[in-house]
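Work through the exercises below with the structure open beside you. Try each task before reading its solution.

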Amino acid sequence: MMSNRLIHETSPYLLQHAHQPVDWYPWGEDAFTAARESGKPIFLSIGYSTCHWCHVLSHESFEDEETARLLNERYIAIKVDREERPDIDHVYMTAAQVMNGQGGWPLSVFMTADQQPFYIGTYFPKTPQFNRPSFRQVTLQLSEQFRRSPDKIAQVGQNMSQTLRDVLQPATSTHNWNESIIHDTFDQAMRQFDRQHGGFGEAPKFPSPALLRFLLDYYQYAEDETALHMVMRSLIAMRDGGMTDQVGYGLFRYTVDAEWQIPHFEKMLYDNAWFATLCIETYQVTGQIRFRRYTEEILTFVERELSAPDGTFYAALDADSEGGEGHFYTFTVAELTDLLGPDALFPRFYHASPSGNFEGRNVFYRTGRTLEAFACSVHLSPAETAAQLERERQLLLNARNERPRPFRDDKRLTSWNAMMISTFAKAGRVFGEPYYTHVATRAMTSLERFVRTENQLAVHYREGQAIGHGFLDDYAYLIDAHLELFQSTRRALHLKEALALADVLQEQFQTADGYFYLTSSHSDELLVRPLDLYDGVTPAGNSVALHVFFTLSRLTGRLVYQESAERALSALVEEVEQQPTGFASLVSTFTYRQMEPKELIILIPEESEIPIEIDQLQRMRLPEVALLIGTKRDLLPLVPLLADYPEPNVPTAYLCHDFSCERPTTNLTELLARLNI
């Protein structure tokens, strides 16, 4: 079988293109040298392994001999995995949004040898359709323009480069944070909220985890029941709709409609981590058992389908399988009847129909249907109905597992693993389930064994090879995961590791204004050094980094973290004012600082049992409270201010706020009652 340069890469996405007739280069100096020496422009294609339209473009154009010959003759072709190189993706996706007002994947970039883009698009069909030119038309026309009008092309590239520098550099702020920003963010979220179906905006519908978490914070800050209703309505809609795999669990990436019914079928590790985290925190706030159940379904799916033998987590499952997009997850009515019989409840409860709702097949959803009402309609008790639905679900799952499975991207991304580690650690603590804490601890141990060398992180590893210089999100989310594990295990080691990684963020990523570049000072030099401030499908790395800096400062008394984070907040305020919901996770960090922040230190005697009150305390959602729990011996090397604290004979609590501490107390029951007001 023929192969190109991508055959030596580790990324599953790049390897998917390693046997194509296109003479692909990976991103690197070899490609740029070839472009300079040949005088050809560069065609840069950015995508990811579970992207449906990336597959379509690949099959239609990159596997076509004639199209490949055209690319090889007229361009130097570079292929990039956006999950492996989010820095490259961020630069050119920003350029696409500036040029076209929108972007997406596959991202098709036409640029000069010095990385300056002069034309950007997304998917181009094999023949002109969808009001789009064909891929061949675009490549031919642009190569001719490049040959005939080099000065014009160079000017376009230079103008775009300057625009990118301007766009990726926040304006110096002269404003100050105040409480109105919190309320403005909530008001904008209210305007964007879909009151009928939950979630935000119109089709396509994405989970929006940063905004939902902000609403939980706003509920606790302003005691506004509307905010909590918006969160609950959205989570329930996602769980009951086609956004969730009703047979095997797990969240799909988004739905193509506003009603949460028809998904785009890939499953991403990060979506499932954040949906489960939101369900855990909503359970903490409401006590409603359904949100615990939603979490447990997600964790069951992750362990079954995205967990590696070493305990870490794979990146994603594809939308496509042998039968096409979504075939693995959907059923015809005839298949349902053959598997379950004509009197089955599952097809009725989950809205199956002879015509189906997706290309003649059925995506299951239970929206608008309660178990109690359905049980009454079939003359069974709710318990009997639930038991039969579960038996039938298992039959469908077993049958589905016999089908050709979607492709699984088996690289282990540092940041996405950190998100899922945080989720398992939080679930273990909040649900009182040591098993989940064990899963998180094992995953952290394995992940760091492969991606961490001293305090430097790789971006991902696959088949034992660690790849890349870690990005902001890798460090920020891994610090957050260590802090979650510190709370769940009370092992000071995790606090120590969080501090060490925070120091790397300061040394290699932090700007003079206190916020952070996406890339380390050790990373490749790109057209511009990317800066990613907005929340996307996950909370922004900058927001996570600033939050953990505030937390570390409060836990350890190291004011250097707080001072730099305060500086960053001040520098970014005008950016936030312009589009507050785009910075929802950053507004959450500011909200915590307005909620009467408290530091609670609980020192436990050596060899002492942990009082039940501490377990109860750690199950509560108290975003304004920084909890430091452990023995003085373990914590003192990391928290020097404990030197003056006496060695306790019984568990002793110190509650501090507004730069002063109350009298120590051993009455943890009374303390718990005060915090739970």
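The exercises go from the whole chain down to single residues, and the model is a predicted one.

**Exercise 1. The whole chain**

Task: Find how many helices and strands the protein chain has, and judge its compactness by the radius of gyration.

Solution.
- Step 1. Count the elements. The protein chain has 26 helices and 21 strands.
- Step 2. Take the radius of gyration, which is 26 Å. The globule rule also gives 26 Å for 677 residues, so the chain is as compact as a globular protein of that length.
- Step 3. Put a box around the C-alpha atoms. Along the principal axes, the box is roughly 80 × 70 × 45 Å.
- Step 4. Look at the contacts with a separation of 6 or more. Residues 24 or more positions apart account for 69% of them.

**Exercise 2. Surface and charge**

Task: State what share of the residues is buried, then describe the accessible surface and the charged side chains.

Solution.
- Step 1. Apply the cut-off: buried means under 20% relative accessible area. Of the 677 residues, 60% are buried.
- Step 2. Turn to the surface. The accessible area of the protein chain is about 27,300 Å². Carbon and sulfur atoms hold 48% of that area.
- Step 3. Count charges. There are 60 positive and 91 negative side chains. The centres of the two sets lie 3 Å apart.

**Exercise 3. One side of a helix**

Task: Identify the buried residues of helix H4, and say where around the axis they sit and what covers them.

Solution.
- Step 1. Locate H4 at residues 65–74. Thr-67, Ala-68, Leu-70 and Leu-71 are buried there.
- Step 2. Check their directions. The four cover an arc of only 155 degrees around the axis, so they are on the same side of H4.
- Step 3. Find the cover. It includes strand S2 (42–47), helix H3 (52–62) and helix H6 (135–148).
- Step 4. Inspect H3 itself. Nine of its eleven residues are buried, so this helix is mostly covered. Among them are His-52, Cys-54, His-55 and Phe-62.

**Exercise 4. A threonine in a helix**

Task: Decide whether Thr-385 is buried or exposed, and list its contacts beyond four places in sequence.

Solution.
- Step 1. Place the residue. Thr-385 is in helix H16, residues 382–400.
- Step 2. Read its relative accessible area, which is 0%. The cut-off for buried is under 20%, so Thr-385 is buried.
- Step 3. Leave out neighbours within four places in sequence. Thr-385 then contacts Leu-345, Leu-371, Phe-374, Ala-375, Val-378 and Leu-380.

**Exercise 5. Two cis peptide bonds**

Task: Which residues do the cis peptide bonds at Pro-106 and Pro-204 join them to, and where do these prolines lie?

Solution.
- Step 1. Recall the background. Most peptide bonds are trans.
- Step 2. Take Pro-106. A cis bond joins Trp-105 to this proline, with omega about 5 degrees. Pro-106 lies in the loop between helix H5 (86–100) and strand S4 (107–111).
- Step 3. Take Pro-204. A cis bond joins Ala-203 to this proline, with omega about -10 degrees. Pro-204 is in the loop between H8 and H9.
- Step 4. Examine Ala-203. This alanine lies in the loop between helix H8 (179–192) and helix H9 (209–222). At 43% relative accessibility, Ala-203 is partly exposed.
- Step 5. Look across the sequence. Thr-255 is 52 residues away from Ala-203, yet their C-alpha atoms are 7.4 Å apart. Setting aside neighbours within four places, Ala-203 contacts Val-256, Asp-257 and Ala-258.

**Exercise 6. Three glutamates**

Task: For Glu-223 and Glu-454, give phi and exposure; then place Glu-575 and give its distance from Glu-223.

Solution.
- Step 1. Recall the background. Most residues other than glycine have a negative phi.
- Step 2. Take Glu-223. Its phi is positive, near 55 degrees. Glu-223 lies in the loop between H9 and helix H10 (225–240). At 67% relative accessibility, Glu-223 is exposed.
- Step 3. Take Glu-454. Its phi is also positive, at about 55 degrees. Glu-454 lies in the loop between strand S14 (452–453) and strand S15 (456–457). At 73% relative accessibility, Glu-454 is exposed.
- Step 4. Take Glu-575, in helix H22, residues 559–578. At 16% relative accessibility, Glu-575 is buried.
- Step 5. Find the distance. Glu-575 and Glu-223 are 352 residues apart along the chain, and their C-alpha atoms are separated by 27 Å.

How values were computed. Residues are numbered from 1 along each chain as its sequence is written. Side-chain values use heavy atoms; hydrogens and water are left out. The radius of gyration is taken over C-alpha atoms; the globule rule is 2.2 Å times the number of residues to the power 0.38. Buried means under 20% relative accessible area, exposed over 50%, partly exposed in between (1.4 Å probe, protein chains only). Contact means heavy atoms within 4.5 Å. Accessible areas come from the Shrake-Rupley method with a 1.4 Å probe; for residues, only the protein chains shown count as cover. Lys and Arg count as positive and Asp and Glu as negative; His and the chain ends are not counted. The place of a charge is taken as NZ of Lys, CZ of Arg, CG of Asp or CD of Glu. The arc is that of the directions from the helix axis to the C-beta atoms.
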